[in-house]
Amino acid sequence: MNSLDVVGPQLAVLIAAGIIVVIDAVVPHQRRLIPYVALAGLAASALWTVSWVSRGYEDDIFGGTLALDEYAAFFYFLFAGITATIVLASIDWVEREGRRQGEYYVLVLTACSGLMFLAAARDLITIFLALELSSIPQYILAGWGKDEKSSEAGLKYLLLGAIASSLLLYGMALLYGLTGTTLLTEIGSEVAANGADNRSLLIVATTLLIAGFGFKMAIVPFQMWVPDVYQGAPTPVTAFLSVGSKAAAFAVVTRIFFEALSPEFLSNDWSMVFAVIAAVSMIIGNIMAIVQTDIKRMLGYSSIAQAGNILVGLAAVSAGGGDAFKLGGSGVLFFLAAYAFTNLGAFVAIIAISQQINSDRIKDYAGMWKRSPFLAVMLAFCLVSLTGIPPTAGFWAKIFIFNAAIRADLAWLVIIGVANSAVSAFYYLSVVKQMFLGEPAEDAARVSTSPSIALAVGAASIGVLVFFVIPMPLLSAAESAIQGLVPLT
Amino acid sequence: MALEGFGPAFAFWLLSAITLISAGGVMMARNLLHAVLFLIVTFIGVAGFFILLSAEFIAMAQVVIYVGAVAVLILFAILLTPRSARDNSETVWGAPAALLSIALAAVLIFVIHDTAWSETNSFQAPSVEDLGRALLSTWVLPFQLASVLLTAALIGAIMLVRSPEEEAEDALS
């Protein structure tokens, strides 16, 4: 297969970014076309991925540094969808900011291509570069706003991100030193052959890997940056961070751990580590979320708890072979997709509301039902899905993950998870209560919705509903994706 | 191969001492300018290790890029910022951080000592030509990723430092 064809989806996104730079510089009065160029690039990227699904996949490209498998394709679709929603949700905000329009979309698209490479990379060097390619535009975007809070968010994210990257790099260096290769599959066979003698080194190396990626996943104890960055960054960027880089980090960790580090003497260790981190993340995230008065901060803490939920799935994968591998792995992928739809829907609704009321405080959401019935219903629906109550995709996501954990004999973790869902219901539903039962302030005007925002929030919410009614297509896509990985057990 | 005999071993310990002491100096120096000068010594020490490992090209790149470009850039940045920002600020976290680093170093030393590294006795250092070929064949994808990354970082850096006045002018044009 032609190597340009292989990186087609990323290339389509990057070409769109290039066209935007040219439009911005050469025909500035056509700037309003820019978001549509971005959307076209993302659509082309998705179509290219569709063409693979029909043409079949290829494993060994660019000297084995990139994989073109069902797993990568699943995430290509996910990232194209996430980025398209972000672009739609950004149109109003960027126009209102009135500056640097082209560059904003260029950075969003570049980050998207980095996320895609991350899902497909099969080699430590490529993984690291793809991670930086997705991170550096996000650092800049977090500091995009004009206020001090946004600059603080950008700087904090950059500095802590740099530390996380260096820990990751150290872990990679140790793995390379032990195995003499950076290709995941070769590391896998090397570890399976000689790993048992060098278990302590592998534990240190993978701890460093977890620390590096844990920063992107926003799991405890690598979560310190989350509330400040989520609150300070422009809301469209926060939405991007909360679903995009989180999903990509889970994608790459799942691939590394199951292509390179899956021998049994290791996976039992990981299972325990993942399980403990999952439990702590859920508990800390949920407890801290309860006391928040700023909705973006609240969603920041809740995203820590959600990352804990996803880790329950990873713990299940490592604990049991065979059946649990499939259940846990597909559960993780299903959860990531459902969470992406849900969280995006919630954030886009918040973008629309906060643009008009100029506030992120939860108490200013009082009586939103009377000011904008559409946004209030959509936001409520997404919050219900985040809690995991039917009729939403979030319900199935939690069922699949917890089911996998029970199969893997992690009942204690499931109990903690269910208890935490109950706790999370408290703060998610208190926003809903505020919106429907609270009284709006005297002078409160109606909140109107622009077509692009309505489209974005509508699409995300319909996704949440559709995947509740018919979860099977998404689940079977997740299953075949996870079987595309090559476990070495 | 390279580390047998008195000469290489002496060089190794000397370089280790230089690198570690100057790295400590980077953290301890109260004056940021002194810290950068220590940083340069650290970079040179690391370059020495690369030569010891027969990686001459990497050693040269280390000196040219880190000492020549990165450190000089940091020096410029410090000299161009207001005087008040030129000192390393005091922090109460010094002692806990030192304890943590020592613990981390102890764990790493123990683990590295405990590991059966695959050692090689015959090693042909790759020439620059080999490196170039590898970069443009097997590693062409990461190589290109790095260039996209630099482009994005460049665009972002320009955006971050532009003043509101420049942007206002831009909007008018």
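The expected span of a helix is 1.5 Å times one less than its number of residues. Keep that rule at hand for the opening exercise, and keep in mind that this is a predicted model.

**Exercise 1. A helix and its surroundings**

Task: Compare the reach of helix H16 of chain A with its expected span, then decide whether H16(A) is largely enclosed or not.

Solution:
- Step 1. H16(A) runs over residues 373-387, which makes 15 residues.
- Step 2. From the first C-alpha to the last, H16(A) reaches 21 Å, close to the 21 Å expected at 1.5 Å a residue.
- Step 3. For burial, the cut-off is under 20% relative accessible area. The residues of H16(A) that pass it include Leu375(A), Met378(A), Phe381(A), Cys382(A) and Thr387(A).
- Step 4. Because 12 of the 15 residues are buried, H16(A) is largely enclosed by the rest of the structure.
- Step 5. Look just past the end of the helix: Gly388(A) follows H16(A), and its phi is positive, near 100°.

**Exercise 2. A nonpolar patch on chain B**

Task: Find which helix gives the largest share of the nonpolar patch on the surface of chain B, and place Val128(B).

Solution:
- Step 1. The members of the patch include Phe57(B), Met60(B), Tyr66(B), Ile74(B) and Val128(B), and the whole patch has about 740 Å² of accessible area.
- Step 2. Helix H3 of chain B (residues 56-80) supplies the largest share, with 8 residues.
- Step 3. Val128(B) sits in helix H5 of chain B, residues 128-136.
- Step 4. Partly exposed lies between 20% and 50%, so Val128(B), at 47% relative accessibility, counts as partly exposed.

**Exercise 3. The setting of one alanine**

Task: Is Ala481(A) buried or exposed, and which residues does Ala481(A) touch?

Solution:
- Step 1. Locate Ala481(A) in helix H20 of chain A, residues 472-484.
- Step 2. Its relative accessibility is 0%, so Ala481(A) counts as buried.
- Step 3. Leaving out residues up to four places away in sequence, Ala481(A) touches Glu70(A), Tyr71(A), Phe74(A) and Leu333(A).
- Step 4. Now try Glu442(A), 39 residues from Ala481(A) along the chain: the two C-alpha atoms are separated by 53 Å.

**Exercise 4. Pairs of rings**

Task: Classify the ring pair of Trp52(A) and Tyr76(A), then that of Tyr104(A) and Tyr105(A).

Solution:
- Step 1. A pair of aromatic rings is described by the distance of the centres and the angle of the planes. Planes under 30 degrees apart count as stacked, over 60 as edge-to-face and the rest as tilted.
- Step 2. The count over all chains is 25 aromatic pairs. In one of them, Trp52(A) and Tyr76(A) have ring centres 5.8 Å apart and planes at 35°, so this pair is tilted.
- Step 3. The pair links distant parts of the chain: Trp52(A) belongs to helix H3 of chain A (residues 34-55) and Tyr76(A) to helix H4 of chain A (residues 70-97), 24 residues apart. Both Trp52(A) and Tyr76(A) are buried.
- Step 4. Tyr104(A) and Tyr105(A) make an edge-to-face pair, with 5.3 Å centre to centre and 90° between the planes. Tyr104(A) is buried at 1% relative accessibility, and Tyr105(A) is buried at 2%.
- Step 5. Ring pairs also join Tyr139(A), Tyr157(A), Phe215(A), Trp225(A) and Tyr230(A) into a cluster.

**Exercise 5. Salt bridges of Asp228(A)**

Task: Which parts of chain A are tied together by the salt bridge of Asp228(A) with Lys156(A), and which by that of Arg297(A) with Asp228(A)?

Solution:
- Step 1. Side chains of opposite charge can pair when their charged atoms come close. The structure holds 11 salt bridges over all chains.
- Step 2. Asp228(A) and Lys156(A) meet at 2.6 Å, N to O. Asp228(A) is in helix H10 (residues 226-232) and Lys156(A) in helix H7 (residues 148-179) of chain A, so the bridge ties together parts 72 residues apart in sequence.
- Step 3. Arg297(A) also bridges to Asp228(A), at 3.1 Å, N to O. Since Arg297(A) lies in helix H13 (residues 295-319) of chain A and Asp228(A) in H10, this pair ties together parts 69 residues apart in sequence.
- Step 4. Check the accessibility of each partner: Asp228(A) is partly exposed at 23%, Lys156(A) is partly exposed at 29%, and Arg297(A) is buried at 19%.

Conventions: Residues are numbered from 1 along each chain as its sequence is written. Chains are lettered from A and ligands numbered from 1 in the order in which they are written. This is a predicted model: local features need pLDDT of at least 70, side-chain atom pairs count only at pLDDT 80 or more; totals for chains, interfaces and linings use all residues. Side-chain values use heavy atoms; hydrogens and water are left out. Helices (H or I, at least four residues) and strands (E, at least two) are DSSP runs, numbered from the N terminus. Buried means under 20% relative accessible area, exposed over 50%, partly exposed in between (1.4 Å probe, protein chains only). Patches are made of residues with over 30% relative accessible area and no salt bridge: like charges are joined within 9 Å, nonpolar side chains (Val, Leu, Ile, Met, Phe, Trp, Tyr) within 5 Å. Accessible areas come from the Shrake-Rupley method with a 1.4 Å probe; for residues, only the protein chains shown count as cover. A salt bridge is a side-chain nitrogen of Lys or Arg within 4 Å of a carboxyl oxygen of Asp or Glu. Contact means heavy atoms within 4.5 Å. Rings of Phe, Tyr and Trp (its six-membered ring) pair if their centres lie within 6.5 Å; planes under 30 degrees apart count as stacked, over 60 as edge-to-face and the rest as tilted.
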